[in-house]
Amino acid sequence: MPSANGAVPSTFSFESVQDVNVVEFCPFDKAAGIIAYGGENRVALGMCLFQEEAQDSHLPLLQFKHITDFHHGTRVLSIAWSPKTNIQHLPYSFQFCTAGEDRKLRYFTSDGKDSSTVTTLEGHLSYINDCVIEPVSGLNVASVSDDHTCRLWDLETGAEKTCIPLGSAGMSVKWNPVEPNKLMVAEKNGIIRFYDLVSQQPIMSLSTEQLPLISADWCKTNALKVGAVAKDDWLIWDMSKSSLPEVVEQAHLKGVSKFRWSHVHENLFATTGCPGNHINVYHMGHHKIPVSCQMRTGGGLSWHPFLPVCASAGGHKVHLWFLEV
């Protein structure tokens, strides 16, 4: 139920030893429920098991278990999971990439216990705003930066493979498992381009009418849909109809931070923005906002791969909202 100020409190939450500014559920089948969360100098891994997944009404609604921490040495700005992550058999394999405030990418591999390695990828000349690992093979990672480039890296060697020049700062980069040979890059100047990775040439583009564009996402349940936040608004495109947004509405009063599609329903998405870390969840089919919650600090925004569960952070806590679809 909404609280007295109209905000919807989180369904669940769990504690972190540090302020959290990045939260990322693993989106892949073999590690559903694994969540990474990062702050000033470390990345933590945890496991969320929901009663609905276990199909046992005698279990708690959420069982959370902290797995391990990784020293990061600098503030974590972004986390991207590899499809090679697997908890279906022993030994477990956790593989993910981070973007740090020191302009470096780090690729972690771990069994969650004693064996861990980290590979550092260097080359960006300014802040890295987003990174994503290719969702089928897991062999490459793409990153975008304030240095006006999108770079592709070989995760086996740590070498830079490709550098794509951009017209402004790169804010978001996304792969879609349905079309792994295409890469979506969203720029601060309001242009979202799709690149053919074979020719490394842009094949189509979308445009906002608001600046600056801060975050964008490519819908996994409908690859023709793209969403973004720019200035104070959220925007939705249907690429089969137009290069201009189909719907534009106000998201937040004092600027925007993140846009993320749900993995289970094409009409369900979330945004974060200012003041503080303000999270809104929207359901286009119902024309309502099922969640609106204000936190003074924190950040990050992610969705569970199979359940309508949205995660974000406030201070030393990660909050989870379980939505009715």
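**From an annotated repeat to an open sheet**

The C-alpha atoms at the two ends of residues 121–163 lie 13 Å apart. This span is 0% helix and 53% strand. Helices (H or I, at least four residues) and strands (E, at least two) are DSSP runs, numbered from the N terminus. The model is predicted: local features need pLDDT of at least 70, side-chain atom pairs count only at pLDDT 80 or more, and totals for chains, interfaces and linings use all residues. Residues are numbered from 1 along each chain as its sequence is written, and side-chain values use heavy atoms, without hydrogens and water.

An unreviewed UniProt entry annotates residues 121–163 as "repeat: WD". Such annotations may be inferred rather than shown by experiment.

Start with strand β10, residues 128–133. Five of its six residues are buried (under 20% relative accessible area, 1.4 Å probe, protein chains only). Strand β10 runs antiparallel to β11, residues 140–145, and five bridges join them. Two strands pair if DSSP finds at least two bridges between them. The bridge partner of I128 is S145 in β11. The hairpin of β10 and β11 has six residues between the strands. There, G138 takes a positive phi near 70 degrees.

Now move on to another set of strands. An open sheet holds four strands in the order β22-β23-β24-β25, with antiparallel pairing. Its edge strands, β22 (256–261) and β25 (288–295), each pair on one side only. From one strand to the next, the twist averages 15 degrees. Look at β23 (residues 268–273) and β24 (residues 277–283): six bridges link this antiparallel pair. A270 has V281 in β24 as its bridge partner.

Notes. Axes fitted to C-alpha atoms, helices over the stretch in contact; angles between N-to-C directions. Buried < 20%, exposed > 50% of the residue type's maximum accessible area, 1.4 Å probe, protein only.
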